[in-house]
Amino acid sequence: MSEDVWLPIPPEEIKGLPEGPDYLFWDGGQEFPGDPAKCAVYVVPYMRREPVKVRPLEAMTGLRVVQTLTAGVDDITANLSLIVPGVQLCNARGVHDTSTAELALTLTLASLRGIPGFVRAQDEERWQGEFRPALADRNVLILGYGAIGSAVEDRLAPFEVGRVIRVARSGRTTARGVVHPLTELPQVLPEADVVILATPLTDETRGLVDAAFLARMKDGALLVNIARGPVVDTDALLSEVESGRLTAALDVTDPEPLPPGHPLWRAPGVLITPHVGGPSSAFRPRAERLLVDQLTRFVNHEPLRHVVLTTGA
């Protein structure tokens, strides 16, 4: 008997899907495309809120694989009690590297060069120049040196930065140089002019960027968050930006979505984008390549890639 695979992209639009499973399209609509109990591989709908993503899980009694289209899987790991034992949870490592790294550079450059202020001046038809810091000669610290962090450094290379400081959970040496372990963060943090957060949200990183972290950043430094909102203590960040000591560029916030009237909206020196690091024209072709590869491995009983955990293990 064939197994069902739920896809958030119409299967007829994905070239190269292996034969065997029955492919059903579900992108988070109210009606399920089939019996959830027959679903063996659930590809989580992209850019849907957590309640939508997890709604079918409890009924998926025959589930074997959950494949996200995001690098972070915190919305699924928060609901593991809904998933039967023995299910492999895989993330989309590599799918968002290009798009998210682009946005990290966009936010960094826009903040340093004062683009938000120039856009507001343009709206008022006001010609107002000013002297702004360049990215050139700045020390940039990348916190979370995985696939996305490495892609950020790829894009920093042409900008003549002074130094790239790499920090990850575990220290190591790469072709580019040393990656400092998280335990060395207090020592290297004060050296950075720009801090780019690209770490996953885990128990270890939740609230990592707290008042003490921010206090160790040098005066005038820029914090860029392309990771997850709860990595940063919002109240602590507000205190620093409202004093004018730090600036921030945030693609993610806590809470998220950021509600109307929240003080972050109008905090001085803060640039906000609405969690758009992943959704760009670069997403779809990379997501499709991942799905074809993973489903081919599944059909051929080969090891899956990017397995984060197995439920019940």
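**Close-ups of a predicted model**

**View 1. His301, out in the open after H9.** His301 is exposed, with a relative accessible area of 67%. The model shown here and in the other views is a predicted one. You'll find His301 in the loop between H9 and strand S14 (307-310). Its backbone is worth a look too: phi is positive, about 60°, although His301 is not a glycine.

**View 2. Glu160, another non-glycine with a positive phi.** Here phi comes out at about 55°, and Glu160 is not a glycine. The residue sits in the loop between H5 and strand S7 (163-168). With a relative accessibility of 59%, Glu160 counts as exposed, because the cut-off for that class is over 50%.

**View 3. Tyr46 on Phe283, a stacked pair.** Searching the whole structure turns up six aromatic pairs. In the pair drawn here, the ring centres of Tyr46 and Phe283 are 4.2 Å apart and the planes make an angle of 15°, which puts the pair in the stacked class. What does this pair tie together? Tyr46 belongs to the loop between strand S3 (39-43) and helix H1 (50-54), while Phe283 is in helix H9 (residues 283-299), so the contact links parts that are 237 residues apart in sequence. Both partners are tucked away: Tyr46 is buried at 16% relative accessible area, and Phe283 is buried at 10%.

**View 4. An aromatic cluster of four.** Trp6, Trp26, Phe32 and Tyr42 come together as one aromatic cluster.

**View 5. The largest cavity, with H9 in its wall.** The structure has three cavities of 30 Å³ or more, and the largest has a volume of about 70 Å³. Its lining includes Val41, Val43, Val65, Gln67 and Cys90, along with Leu291, Gln294, Leu295, Phe298 and Leu304. S3, strand S4 (65-67) and H9 each bring at least two of the lining residues. Which element gives the most to this lining? That's H9, with four residues. By class, the lining splits into eight nonpolar, two polar and no charged residues.

**View 6. The second largest cavity, with one charged residue in the lining.** About 50 Å³ of space lies in this one. Asn225, Gly229, Val232, Thr234 and Leu237 are among the lining residues, as are Leu250, Val252, Thr253, Asp254 and Leu264. The count by class is five nonpolar, four polar and one charged.

**View 7. Two cis peptide bonds in the loop between S12 and S13.** A cis bond joins Asp254 to Pro255, with omega at about 10°. A cis bond also joins Glu256 to Pro257, where omega is about -5°. Pro255 is in the loop between S12 and S13, and so is Pro257. Asp254 also turned up in the previous view, in the lining of the second largest cavity.

**View 8. H3, a helix with a lot of neighbours.** Helix H3 (residues 97-112) runs for 16 residues and spans 22 Å from its first C-alpha to its last, close to the 22 Å expected at 1.5 Å a residue. Is H3 largely enclosed or largely open? Of its 16 residues, 12 are buried, so H3 is largely enclosed by the rest of the structure. Among the buried ones are Asp97, Ser99, Thr100, Leu103, Leu107 and Leu112. The buried residues pack against two helices, H4 (115-123) and H5 (147-156), and against strands S10 (194-197), S11 (222-225), S12 (247-250) and S13 (270-272). Just past the end of H3, Gly114 has a positive phi of about 75°.

**View 9. The second largest pocket, where H3 shows up again.** This pocket has a volume of about 450 Å³. Its lining takes in 27 residues, and the ones nearest its centre are Ser111, Arg132, Thr247, Gly269 and Val270. H3, H4, S12 and S13 each contribute at least two lining residues, with H4 giving the most, at three. Sorted by class, the lining holds 11 nonpolar, seven polar and nine charged residues.

**View 10. Two exposed sites with distances to go with them.** Gly16 lies in the loop between strand S1 (4-7) and strand S2 (22-25) and counts as exposed at 52% relative accessibility. Its C-alpha is 44 Å from that of Arg113, a residue 97 places away in sequence. Ser243, in helix H8 (residues 234-243), is exposed as well, at 52%. From Ser243 to Leu214 the C-alpha distance is 12 Å, with their positions 29 residues apart along the chain.

Conventions: Residues are numbered from 1 along each chain as its sequence is written. This is a predicted model: local features need pLDDT of at least 70, side-chain atom pairs count only at pLDDT 80 or more; totals for chains, interfaces and linings use all residues. Side-chain values use heavy atoms; hydrogens and water are left out. Rings of Phe, Tyr and Trp (its six-membered ring) pair if their centres lie within 6.5 Å; planes under 30 degrees apart count as stacked, over 60 as edge-to-face and the rest as tilted. Buried means under 20% relative accessible area, exposed over 50%, partly exposed in between (1.4 Å probe, protein chains only). On a 1 Å grid over the protein atoms alone, a cavity is a set of points where a 1.4 Å probe fits but cannot get out, and a pocket is an open set with protein on both sides within 12 Å along at least five of seven lines; lining residues have an atom within 4 Å of a point. Grid points are joined across faces, edges and corners, and a volume is the space filled by probe spheres set on the points. Ala, Val, Leu, Ile, Met, Phe, Trp, Tyr, Cys and Pro count as nonpolar, Asp, Glu, Lys and Arg as charged, and the others, Gly among them, as polar. The expected span of a helix is 1.5 Å times one less than its number of residues. Contact means heavy atoms within 4.5 Å.
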